[in-house]
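Visitor: Could you take me through one part of this model at close range? I'd like to hear about the aromatic rings and whatever helps put them in context.

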Amino acid sequence: MVRAGLTAERVVEAAADLADSTGFDKVTISALARGFGVKDASLYSHVRNLHDLRTRVALLAAGEFIDRISAAVAGRAGKDALVAFADAYRAFALERPGRYEATQMRVDPAVVAQSSAYHRTIETTGAMLRAYGLAEPDLTDAVRLLRSTFHGYCALEASGGFGAPRDVQRSWERSVEALHFLLEHWPSATDEGETDHG
């Protein structure tokens, strides 16, 4: 590649592709500059530093992630929406490992507040769960349950952590079915600090 035509968008896209091929933690200014065939200094016209570059990759990945999920759940509700959401999540995590890892990066709250991708993620997830009749604080608890389940499963699958002969796809389907059952039978929460002695 040559220096001509370099833009911030091209630099960030190339960094995201590099993350997918080598790992998000391997994304550096030097590695990216080598890919473009330029000196490190050439990239500083487009990104401030490594943290800025990785933050931009995280924002790009978050947008692509929610685009895939939103397209999958469109027009669906209840279990159908949950299955579509879960399958889109897993597909992105396994097919775009570096980008997915970037979505787990802790981003400055001020940057998050300005990101349409993060807002759409909250809206899409909340809409899916409100169809189960959940409201706060149960809504936040359910989001945390889904995120930790999906993330944990995908991380273990990607690392070859499932050694039992049971089909991994079937286990995934059963896990999502179990989550659907739980969401439909969400336990009632007592007020914080109170214990029901009845």
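Guide: Here's a walk through the ring pairs, followed by a few other spots worth a look. Keep in mind that this is a predicted model, so treat every value below as computed from it.

Let's start with the count: there are nine aromatic pairs here, taking rings as paired when their centres lie within 6.5 Å. Take Phe65 and Phe92 as an example. Their ring centres sit 4.7 Å apart and their planes are 25° from each other; planes under 30 degrees apart count as stacked, so this pair gets that label. Now see where the two partners come from. Phe65 belongs to helix H4 (residues 50-73) and Phe92 to helix H5 (residues 78-95), so the pair ties together parts 27 residues apart in sequence. As for solvent, Phe65 and Phe92 are both buried.

Helix H5 turns up again with another pair. Phe85, in H5, partners Phe150 in helix H9 (residues 138-158), so here the parts being tied together are 65 residues apart in sequence. The geometry is of another kind: with 6.3 Å between the ring centres and 35° between the planes, the Phe85 and Phe150 pair is tilted. Phe85 and Phe150 are buried too.

Step back and you can see these four rings as members of a cluster. Ring pairs link Phe65, Phe85, Phe92 and Phe150 with Tyr89, Tyr100, Tyr153, Phe162 and Trp172.

Aromatic rings can have charged company as well. Look at Phe24: Arg54 lies over the face of its ring, 5.8 Å from the ring centre.

While you're in the model, have a look at how two helices meet. Helix H1 (residues 8-22) and helix H2 (residues 29-36) have axes that come within 10 Å and cross at roughly 105°, so H1 and H2 are roughly perpendicular to each other. On the H1 side, the contact is made by Arg10, Val11, Ala14, Ala15 and Leu18, while H2 brings in Ala31, Leu32 and Phe36. Sort the residues of that contact by type and you get seven nonpolar, one charged and no polar.

One last stop is His180, in helix H10 (residues 168-184). Its relative accessibility is 14%, and buried means under 20%, so His180 counts as buried. Leaving aside residues up to four places away in sequence, His180 touches Lys79, Leu82 and Tyr132.

Note on methods
Residues numbered from 1 in each chain as written. Predicted model: local features only at pLDDT ≥ 70, side-chain atom pairs only at ≥ 80, totals over all residues. Heavy atoms only, no water. Phe/Tyr/Trp six-rings, centres within 6.5 Å; stacked < 30°, edge-to-face > 60°. Helix = DSSP H or I, 4+ residues; strand = E, 2+ residues; numbered from the N terminus. Buried < 20%, exposed > 50% of the residue type's maximum accessible area, 1.4 Å probe, protein only. Lys NZ or Arg CZ within 6 Å of the ring centre and 35° of its normal. Axes fitted to C-alpha atoms, helices over the stretch in contact; angles between N-to-C directions. Parallel < 35°, antiparallel > 145°, perpendicular 65-115°, else oblique. Contact = heavy atoms within 4.5 Å. Nonpolar A, V, L, I, M, F, W, Y, C, P; charged D, E, K, R; others polar.
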